[in-house]
Amino acid sequence: MSRKFFVGGNWKMNGDKKSLGELIDTLNGAKPDPNVEVVCGAPSIYLDFARSKLDARFGVAAQNCYKVPKGAFTGEISPAMIKDCGIEWVILGHSERRHVFGENDELIGQKTAHALESGLGVIACIGEKLDEREGGITEKVVFAQTKAIADNVKDWSKVVLAYEPVWAIGTGKTASPQQAQEVHEKLREWLKTNVSEAVANSVRIIYGGSVTGATCKELASQKDVDGFLVGGASLKPEFISIINAKV
């Protein structure tokens with residue numbers, strides 16, 4: 001079964017209307033591979049702005065959401081609000097949410113369940129820290145994170161799994177194409193054993209961690225790498241080269 005290549009751009013807490021407007025103009029004027037699904041993760045205050053300006057070829061994602069539709073949760077946004085802005089996706093479980101803001105597997109699972117029930121697509125992030133990789137427990141860590149997500153998913157067609165080794169995010173270190181492929185392949189095996197063979201074959205597993213125009217082609221050639229979640233490079237024109245990594 002062929003899986004549609006998926007490239008997400010995570011703008012994180014960057015940009016203003018001027019710079020993001022210029023980026024959006026660049027994207028709208030580009031010629032992205034039509035066989036690639038592209039989604040841009042905008043800061044919540046610019047979700048409406050991004051959706052209204054970006055060409056319909058591009059999806060937009062929120063970078064986080066909470067686990068209930070509304071209530072006394074100062075500073076949070078809900079999937080209902082995200083959908084009300086015409087946004088189709090949310091990024092959940094990013095390592096910065098886990099390690100800077102202390103979100104645990106249980107909370108990320110609850111958020112995933114609620115976002116999916118609300119009709120959003122979820123880009124669910126998993127990945128090990130450097131000490132975990134050096135300690136030989138990469139699989140243990142990413143399988144536990146994946147289980148917390150999988151236990152909360154009914155419809156896998158709305159889920160993209162993003163493997164992001166934490167030691168490679170924003171550090172300029174990229175997992176080698178072989179390291180990425182090895183983890184992606186093991187994740188697919190885990191899904192086959194613990195969810196179903198159909199889900200294992202159809203779910204897209206994308207790689208994140210210092211993906212650039214220079215590293216994307218070899219990574220994209222790996223059998224189980226179905227796309228990218230791009231950080232810093234998604235704010236630059238080279239994002240187009242990454243979208244077109246398979247061309």
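**Entry 1: the cavity lining**

I began with the lining of the largest cavity in this predicted model, and I found that its residues divide into three nonpolar, four polar and two charged. I then listed the residues themselves, and the lining is made up of G93, H94, S95, R98, C125, I126, G127, E164 and V166. Asking which elements give two or more residues to this lining, I noted α4 (95-99) and β5 (121-126).

**Entry 2: number and volume**

I next looked up how many cavities of 30 Å³ or more the structure holds, and there is one. For the largest cavity I recorded a volume of about 30 Å³.

**Entry 3: the length of helix α1**

I turned to helix α1, which covers residues 17-29, and checked its length: at 1.5 Å a residue its 13 residues should span 18 Å, and because the C-alpha atoms at its ends are 18 Å apart, the expected and the computed span agree.

**Entry 4: the two sides of α1**

Which residues of α1 are buried? I found L20, G21, L23, I24 and L27 to be so. Looking down the axis of α1, I saw that these buried residues fall within an arc of 160°, and therefore they line one face of the helix. On the other side of α1 I noted K18, D25 and G29, which are exposed.

**Entry 5: what α1 packs against**

Finally I looked up the partners of the buried residues of α1, and I recorded that these residues pack against two strands, β2 (36-41) and β3 (58-62), as well as against the helices α2 (47-53) and α11 (239-243).

Technical notes. Residues numbered from 1 in each chain as written. Predicted model: local features only at pLDDT ≥ 70, side-chain atom pairs only at ≥ 80, totals over all residues. Heavy atoms only, no water. 1 Å grid on protein atoms, 1.4 Å probe; cavity = no way out; pocket = protein on both sides within 12 Å on 5 of 7 lines; lining within 4 Å. Points joined across faces, edges and corners; volume = space filled by probe spheres on them. Helix = DSSP H or I, 4+ residues; strand = E, 2+ residues; numbered from the N terminus. Nonpolar A, V, L, I, M, F, W, Y, C, P; charged D, E, K, R; others polar. Expected span 1.5 Å × (residues − 1). Buried < 20%, exposed > 50% of the residue type's maximum accessible area, 1.4 Å probe, protein only. Arc of directions from axis to C-beta. Contact = heavy atoms within 4.5 Å.
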